[in-house]
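Please give a short report on the structure shown below. Write it for someone who is new to it.

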Amino acid sequence: MDPEAVRKYSALHAKPDGLVLQYGTAGFRTKAERLDHVMFRMGLLAVLRSKQTKSTIGVMVTASHNPEEDNGVKLVDPLGEMLAPSWEEHATCLANAEERDVWRVLMDISEKAAVNLQQEAFVVIGRDTRPSSERLSQSVIDGVTVLGGQFHDYGLLTTPQLHYMVYCRNSSGRYGEATVDGYYQKLSTAFVELTKQAFCGGNEYRSLKVDCANGVGALKLREMEPYFSQGLSVQLFNDGTKGKLNHLCGADFVKSHQRPPQGMEMKSSERCCSFDGDADRIVYYYSDTDGHFHLIDGDKIATLISSFLKELLVEIGESLNIGVVQTAYANGSSTRYLEEVMKVPVYCTKTGVKHLHHKAQEFDVGVYFEANGHGTVLFSKAAEMKIKQLAKELEDKKRKAAQMLANVIDLFNQAAGDAISDMLVIEAILALKGLTVQEWDALYTDLPNRQLKVKVADRQVISTTDAERQAVTPPGLQEAINDLVKKYKLSRAFVRPSGTEDVVRVYAEADSQSCR
């Protein structure tokens, strides 16, 4: 490690004056032209993290569902999970350091984290399809190489695919082969095996329209389709051949505007879904015979999947500990359906995938989805081993149920929420249960709800507890909310400060839209 080389390269990736950024759940995100220094420094940090963990670390260049002009970067930890909180602090400190202090900050991080600087380092890199991503990815590579780290540049990947690559490399191939083809083979094989059990006839449930947000998901889904085409036909829209990334399309647009993406032709009762720009979110939707739009968001995805898993566990007679993790934004009807009808325990965490992921790890089978469609299913190693052993030992109907569970385990990209993985699981379940999209939607009826944000001078005035569902400060705020809520049936409301901007987010739901 050569301090002079670091200073020289750092000057080539100079930090704009006065720019301060915060590493959050989504890493760093801002306008692409402001990120060159951040990318270089995250290359540096990835080397230190690799040395400390003696593992491969991932760096993904993406801004997910943000506009095309933005970009961002996040680091991926050894098991494909998000960066450890203590290293989020290191990332923020390094990104905001003045030029003259970069080397000193690197040495401070090395000392605090007990990094063995003689340890070898290996970093894998992926990027989305934004015009700025290739250039910014090169800045990451500059940071990795100047500290003597080795790297492999995968080029264009979905964010979940990079998580998959990291996990595969650090599990010595036990999780799968660390190639794009290995990813396709693992997921498609599990999907084909699972859908062999489907009892529905013809192709009635096997055609799906996919809005790819003009992002990298279109490239990867098109490459992958031949692997599973016997079980599912997908028709791609907003595939990047025209139109801007995430503009009037994609999962975030459909969820927030409650209407179909631009450029998709929808016929009555057709199943449709949307990815976001880096394919780690998915929402479903359809149009009924009267032309009304129906959104099936992360809450109903979690309900479909957890119900299916619970039924299979009952079938094989295993009392594995299954839990569903939600945030305060989950619709109350979904929580009641899971707890009262399916008898599946539900837990609430603070907003942010890292909080849901951490809680889901406490169960044998942990299901988590944010309402925006970002989520997955986590199986503990003990549960995975037990299910796969039962798939070999049990007889007849029970063995089939265990084998289906084993296929579901292989289908999920457990390292992160993955729109492609989630899509294949959903399609398999609908086929196996013989459900139409309308029947899935009818499992329960969402309570009418509203969500908005209010710009404020200082969001820190509001603090919360109970997974952000109760306001602690300012005094009297929660009491005022309680007085309003008790006037209406099945109602609740909460306010919480944004984690990134000076706004306060407000959510309310009740049994009628007339509540004001």
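## Annotated spans

Residues 51–90 are 22% helix and 32% strand, with end C-alpha atoms 15 Å apart. Helices (H or I, at least four residues) and strands (E, at least two) are DSSP runs, numbered from the N terminus. Residues 118–167 are 46% helix and 26% strand, and the end C-alpha atoms of this span lie 24 Å apart. Both spans are covered by the UniProt annotation "domain: Alpha-D-phosphohexomutase alpha/beta/alpha", from an unreviewed entry. UniProt positions are given in the numbering used here, feature names are shortened, and annotations may be inferred rather than shown by experiment.

This is a predicted model: local features need pLDDT of at least 70, side-chain atom pairs count only at pLDDT 80 or more, and totals for chains, interfaces and linings use all residues. Residues are numbered from 1 along each chain as its sequence is written, and side-chain values use heavy atoms, with hydrogens and water left out.

A second UniProt annotation, "domain: Phosphoacetylglucosamine mutase AMG1" (unreviewed entry), covers residues 178–283 and 297–434. Over residues 297–434 the chain is 59% helix and 14% strand. The end C-alpha atoms of that span are 20 Å apart.

## Domains and one interface

The domain assignment gives domain 1 (3–156), domain 2 (182–295), domain 3 (298–423 + 432–441) and domain 4 (449–509). Such bounds come from an automatic or database domain assignment.

The C-alpha centres of domain 3 and domain 4 lie 30 Å apart. Contact (heavy atoms within 4.5 Å) links 10 residues of domain 3 with 12 residues of domain 4. The two domains bury about 930 Å² between them, 50% of it on carbon and sulfur atoms. In domain 3, Ala328, Tyr329 and Cys348 lose the most area to domain 4, together 55% of what that side buries. Buried area is the accessible area (1.4 Å probe) that two parts lose on being put together, summed over both.

## Nonpolar cores

A nonpolar core is a set of buried Ala, Val, Leu, Ile, Met, Phe, Trp, Tyr and Cys residues joined through side-chain atoms within 4.5 Å. Buried means under 20% relative accessible area, exposed over 50%, and partly exposed in between (1.4 Å probe, protein chains only). The largest core has 89 residues; Val210, Phe275, Ile305, Leu309, Met423 and Leu424 touch the most other members. Helix α15 (residues 419–433) gives the most to this core, with 11 residues. Apart from it lies another core, of 43 residues, including Val38 and Leu147.

Beyond its neighbours within four places in sequence, Ile305 contacts Phe369, Val377, Phe412, Val425, Ile426 and Ile429.

## Two buried residues

Lys209 is found in strand β6 (residues 207–211). Lys209 counts as buried because its relative accessible area is 7%. Among the residues it touches, more than four places away in sequence, are Gln235, Phe237, Glu265 and Glu270.

Met404 sits in helix α14 (residues 396–411). Met404 is buried too, at 12% relative accessible area. Leaving out residues up to four places away in sequence, Met404 touches Leu194, Gln197, Phe308, Leu312 and Leu432. Met404 and Glu193 are 211 residues apart in sequence, yet 8.1 Å apart in space, C-alpha to C-alpha.

## Cysteines

How many disulfides does the whole structure hold? The search finds zero. A disulfide is a pair of cysteine sulfur atoms within 2.5 Å. The sulfur of Cys212 has its closest cysteine sulfur in Cys273, 7.7 Å away, so the two are too far apart for a bond. Cys212 is buried, with a relative accessible area of 0%. Cys93 is partly exposed, at 42% relative accessibility.
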